[in-house]
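Me: I would like to go through this structure slowly, tying each word to its cut-off. Could you show it before we begin?

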Amino acid sequence: MTVLSPRPTIRKRLSSARALLLAGLGLLGLGSSGLPARPALATDSPLPAGLIEEGHYQAVLGDCAACHTQPGRAPYSGGMPFKLPIGTIYSTNISPDPVHGIGRYTEAEFARAVQLGIRKDGSALYPAMPYPSYARLSKADIHALYVYFQRGVAPQPVSPPPNGLIWPLSMRWPLHIWRWLFSPSIQSAQLRTNNQFSDPVLARGAYLVEGPGHCGACHSPRSITLNEKAQTAKDGPLFLSGGGVVEQWVVPSLRQENRTGLGRWSEQDIVDFLRTGRARTGASFGGMTPVIVHSAHAFKDDDLHAIARYLKQLAPARKETPWVYDPTTTERLRQADLSQPGAQTYVDRCAACHRTDGAGYGTVFPPLAGNPVVMTDDATSLIHIILAGDSTHALPTTPSAFAMPSFADTLSDKEIADLVSFIRQSWGNNARAVKEGTVRRIRQNLPQLETPAQLPKN
Amino acid sequence: MPDETSTPTRPDVLIIGGGWAGSIMAKELTEAGLNVTMLERGHDHSTAVEGTYPGSIDELRGAIRKRLFQKLARTSLTIRNRPDQTALPYRQLTAFLPGEGVGGAGLHWSGCHFRATEDDLRLRSATIERYGENFIPKDMHLQDYGVTYGELEPFFDKAEKVFGTSGEASSVRGQKTGRGNIFAPDRSDHFPLPPMADTFSASVFRAAATDMGYHPFSIPAANASQPYTNPYGCQMGPCNFCGYCSGYACYLYSKASPNVNILPALRQDRRFTLITQAQVLEIMLDDTHKKATGVRYVDLSSRTEKTLEADLVILSAFQLHNVHLMLVSGIGQPYDPVTQTGTIGRNFTYQTITSSRVWLPEDRFTSQFVGAGGAGVAIDDFNHPGFDRGRLGFIGGSPIWVNQAGLKPIAAAQGSGGKGAPRWGSAYKSAMIDQYRHSLGIDAHGSNMAYRDVYLDLDPTWTNAYGQPLLRMTFTWKDNDIRMNQHVVSHIGDIAHAMGATRTSLNSLQPGQPFDSRVYQTTHLNGGVIMGENPKTSALNRYLQSWDVPNLFVIGSSAFPQGMGYNPTGLVAALAYWSAHHIRRTYLRNPGPMVSA
């Protein structure tokens with residue numbers, strides 16, 4: 001439909017996640033290359049059939065648009081603001097404009113930027129650009145990506161606004177040290193990822209997750225120096241074991257923990273979730289939604305299955321007592337026993353969609369019973385979504401979108417604390433209760449709610 | 001949204017009205033590869049806004065202050081009972097409630113989703129075959145649709161699959177199946193979802209009706225009994241019987257609406273453009289008056305007048321507005337009740353509906369707050385084609401049903417106690433509680449025939465905010481329909497007795513009773529731009545194509561030659577799919593009249 005426009009909050013959330021990383025690094029500085037260069041790729045040479053489409057697909061796999069395309073602006077023209085406490089920086093123009101974009105990059109320079117974080121002028125990129133993951137991209141995929149960005153994208157003669165940062169945070173040289181310490185060489189990265197599996201499906205899954213998909217950027221824990229503690233399956237159980245709290249959303253584990261990981265998700269559940277943002281086991285919300293909207297929903301079926309199968313063989317990082325459905329709460333609610341704190345609120349506000357048995361309704365309303373994101377040690381996500389509401393998104397793969405309303409205006413901190421504790425302790429969830437003060441703190445830092453115009457139209 | 005002052009680009013197809021009919025046509029014609037622009041006079045509506053829980057189930061804002069309904073400040077109509085009276089404006093929404101905004105009446109409806117009977121579609125021919133031509137009262141304009149049940153069956157089926165309709169079939173491809181309506185014609189497939197559960201009141205009615213030898217069945221409901229994904233990939237949640245269907249956007253996404261079931265797919269399609277706040281004033285014609293060139297409309301957001309041209313125009317607003325727009329655009333000949341010439345405004349019909357109330361003993365709880373707009377149990381014993389009207393001397397019929405749709409608090413307080421009950425004090429309160437807990441409603445929801453002096457035309461006095469004459473309704477109840485209603489209601493008392501009623505308050509139309517526009521009845525208005533086989537007595541051919549302007553199709557209940565016993569939406573949807581099918585198959589290849597006049 002022609003009046004459809006992307007919802008700005010989606011991109012904002014993702015960029016904020018990346019911005020947090022940058023803020024932690026305190027290593028900021030960005031400029032455009034001033035070096036003259038020959039045209040990088042002759043525009044009149046014939047291309048192998050399908051190469052641009054392949055390059056486009058690589059850009060989808062890598063989710064380049066998430067940071068480099070600002071909603072409502074030309075594709076890949078950059079300028080997406082990253083608002084930090086110390087100032088605002090903007091993503092770069094990666095369209096093939098020779099002055100403002102990457103039109104003068106040779107393929108080797110392009111590969112060096114994408115995979116090693118070194119710009120044409122030799123300065124370092126921020127590690128918000130996930131080049132430690134992209135280092136794993138094959139030469140063929142880099143070639144396709146390069147051809148796409150030179151020939152399949154329209155040049156945009158615009159520069160992002162100048163970064164507004166104060167010295168010494170604007171200095172760039174410390175980034176090289178970080179790069180040297182934590183970023184692998186292309187050869188070692190590729191070897192490490194490619195040599196893990198003899199099964200071609202698992203090998204493909206490893207390549208997608210560890211490489212272009214850069215899942216670890218959010219889902220792996222980071223050390224105090226903000227490098228990912230593990231970058232491949234071979235690096236041990238920290239890899240994809242959960243990435244802390246970003247923008248008040250808990251980034252869950254993608255490993256096989258029974259309660260808080262993907263232990264009870266089937267391969268098909270993972271495929272459904274990535275393709276549509278919804279599965280019988282749970283729905284996307286928070287920071288994952290833009291990843292599905294801009295990237296994962298368009299992955300090929302084989303690639304989705306490869307990713308799912310790969311994730312399914314990641315051993316649990318923690319041993320957890322298997323979740324078993326406990327019907328006690330359901331029976332109490334059905335007998336109108338609302339004596340438990342939070343039970344009345346749950347019946348009044350939640351049960352219509354999530355049911356008194358906590359099972360939800362298929363891919364329309366997600367379950368709360370046994371849902372990993374409900375049982376994470378940190379309850380921030382559950383509190384956040386009750387306060388702010390959230391919605392799934394209309395996608396070509398699934399045109400309907402479902403909205404959960406915000407309860408910030410209707411429920412007090414105490415009511416939410418009781419409600420969250422009730423949900424976390426019902427139906428066998430057995431997670432810790434939360435305190436009123438935790439809800440208050442999250443409420444105080446709540447990002448701006450979606451306006452009616454940004455909500456789903458169905 | 002398009003810039004407020006700019007004129008949108010020229011589409012292939014213009015669709016006037018964003019309800020069920022318009023959305024179906026838009027979906028079908030974008031599928032055919034055409035660029036389609038839909039003009040809707042109201043705002044966009046979405047579950048996430050209008051349906052946000054718990055604000056969505058605010059009765060004061062919803063049913064009392066008419067949140068989703070037409071804003072009468074800009075345009076209305078005038079009403080009178082007889083041609084010798086002076087009509088006065090309809091200044092408050094009472095008897096019927098046209099919608100406004102994307103989804104139209106399809107957003108605020110209940111969800112009763114019927115097909116038509118075989119006889120409904122050829123009522124004149126069937127009546128003559130059964131009872132002879134003299135059986136038809138003088139001045140009754142009894143007519144056939146020009147399309148048969150068999151021809152429409154694939155489109156009834158398609159609509160049910162798009163709507164996610166819950167129900168139980170009786171006969172599928174000639175095989176007896178389930179306990180559906182035994183009088184319903186054969187189906188090519190089952191309902192896409194199992195029937196809605198019976199409320200307690202409906203189960204009591206079902207048991208009593210069975211004992212009495214009637215044939216109860218679950219009302220086909222476009223309220224999803226389970227989560228559902230339709231052929232367009234649009235998803236519905238399951239109904240929880242909250243009771244907020246009619247007059248509300250369903251917060252569970254379980255009541256079918258254009259907004260939930262069709263528009264999500266259209267909004268993904270670059271060929272589809274939606275322009276809201278576009279009040280169409282006129283369908284423009286070329287000099288020959290045989291071709292529509294586009295529309296003239298007011299962009300209410302910028303208060304500017306705009307025109308938009310297209311090759312094909314689909315008029316799919318609410319019934320009253322379809323008739324009004326035909327009249328003010330000068331398309332076809334206005335109906336004249338004296339000479340009985342002209343077609344636009346002819347065969348305007350409504351629906352006979354009377355609600356009776358039954359009280360059960362105090363140990364039986366009907367819990368009137370529980371409900372769903374389309375759920376319930378009905379009998380068709382007084383509506384099906386074989387029901388012998390010969391000895392009774394009327395044409396038409398009524399299903400009888402317990403359709404417990406959820407009694408809201410304010411409505412319960414307003415309607416407490418039945419006829420003659422106290423209106424204040426402890427007796428009133430006690431009656432209200434008694435009614436809320438132990439009573440149930442039984443409706444006779446019946447047909448309404450067309451008559452020579454019941455029609456729509458333009459009012460000579462009153463104008464709307466755009467300076468156009470208002471539509472004038474001349475309508476009252478006629479003897480045939482009153483006798484039909486009385487006969488059917490006479491059986492409700494017996495059923496109530498069999499249900500163990502301690503008290504009943506039976507209501508029926510009374511002889512000579514005029515139509516009272518101050519009391520809510522239904523929003524099931526029909527006719528005025530009817531389909532048929534003869535351009536002298538119908539405005540549209542059997543494909544809902546204008547006889548006069550072949551690149552104009554007029555879709556909606558405005559095409560019904562008379563009002564049937566069922567709710568109209570299922571037939572509206574099937575006729576839309578039927579028309580679209582023939583536009584795609586025939587008209588687009590060879591634009592022009594699809595039936596020679």
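Me: What share of chain A do buried residues make up, and what makes a residue buried?

Reply: Buried residues make up 51% of the 458 residues in chain A, where buried stands for 20 or more other C-beta atoms, placed from the backbone, within 10 Å of the residue's own (12 or fewer is exposed, and in between is partly exposed). In chain B, 58% of the 597 residues count as buried. This is a predicted model, in which local features need pLDDT of at least 70 and side-chain atom pairs count only at pLDDT 80 or more, while totals for chains, interfaces and linings use all residues. Residues are numbered from 1 along each chain as its sequence is written, and chains are lettered from A and ligands numbered from 1 in the order in which they are written.

Me: How many helices and strands are there in chain B, and what makes chain B as compact as a globular protein of its length?

Reply: Chain B has 14 helices and 24 strands, both being DSSP runs numbered from the N terminus (helices H or I, at least four residues; strands E, at least two). The radius of gyration of chain B, taken over C-alpha atoms, is 23 Å, close to the 25 Å that the globule rule (2.2 Å times the number of residues to the power 0.38) gives for 597 residues, so chain B is as compact as a globular protein of that length. The C-alpha trace of chain B spans about 70 × 55 × 55 Å along its principal axes. Chain A, for its part, has 19 helices and 9 strands.

Me: Why are S10 and S24 of chain B called edge strands of their sheet?

Reply: In chain B, 5 strands form an open sheet in the order S10-S2-S1-S14-S24, with parallel pairing, and two strands pair if DSSP finds at least two bridges between them. Strand S10 (272-275) and strand S24 (552-554) of chain B each have a single partner strand, so one side of each is left without a neighbour in the sheet, and they stand at the edges. Neighbouring strands of this sheet are turned by 15° against each other on average, direction ignored.

Me: How do you know that S1 and S14 of chain B pair?

Reply: Strand S1 (residues 13-16) and strand S14 (residues 312-315) of chain B run parallel and are joined by 4 bridges; pairing asks for at least two, so these strands pair. In this pair Ile16(B) stands opposite Leu315(B). Helix H1 (residues 20-31) of chain B lies across S1, S2 (36-39), S10 and S14 of chain B, running at about 170° to S2(B).

Me: What makes the reach of helix H14 of chain B close to the expected span?

Reply: Helix H14 (residues 569-587) of chain B has 19 residues, and the expected span is 1.5 Å times one less than that number, which gives 27 Å. From first C-alpha to last, H14(B) reaches 25 Å, close to that expectation. H14(B) is also called mostly covered, with 14 of its 19 residues buried.

Me: How many residues of each chain take part in the contact between them, and which helix of chain B gives the most?

Reply: The contact (C-beta atoms, placed from the backbone, within 7 Å) takes 33 residues from chain B and 24 residues from chain A. Helix H2 (47-50), helix H8 (258-261), helix H9 (263-266) and S10 of chain B each supply at least two residues of the side that touches chain A, and H9(B) gives the most, with 4 residues.

Terms used. Axes fitted to C-alpha atoms, helices over the stretch in contact; angles between N-to-C directions. Contact = placed C-beta atoms within 7 Å.
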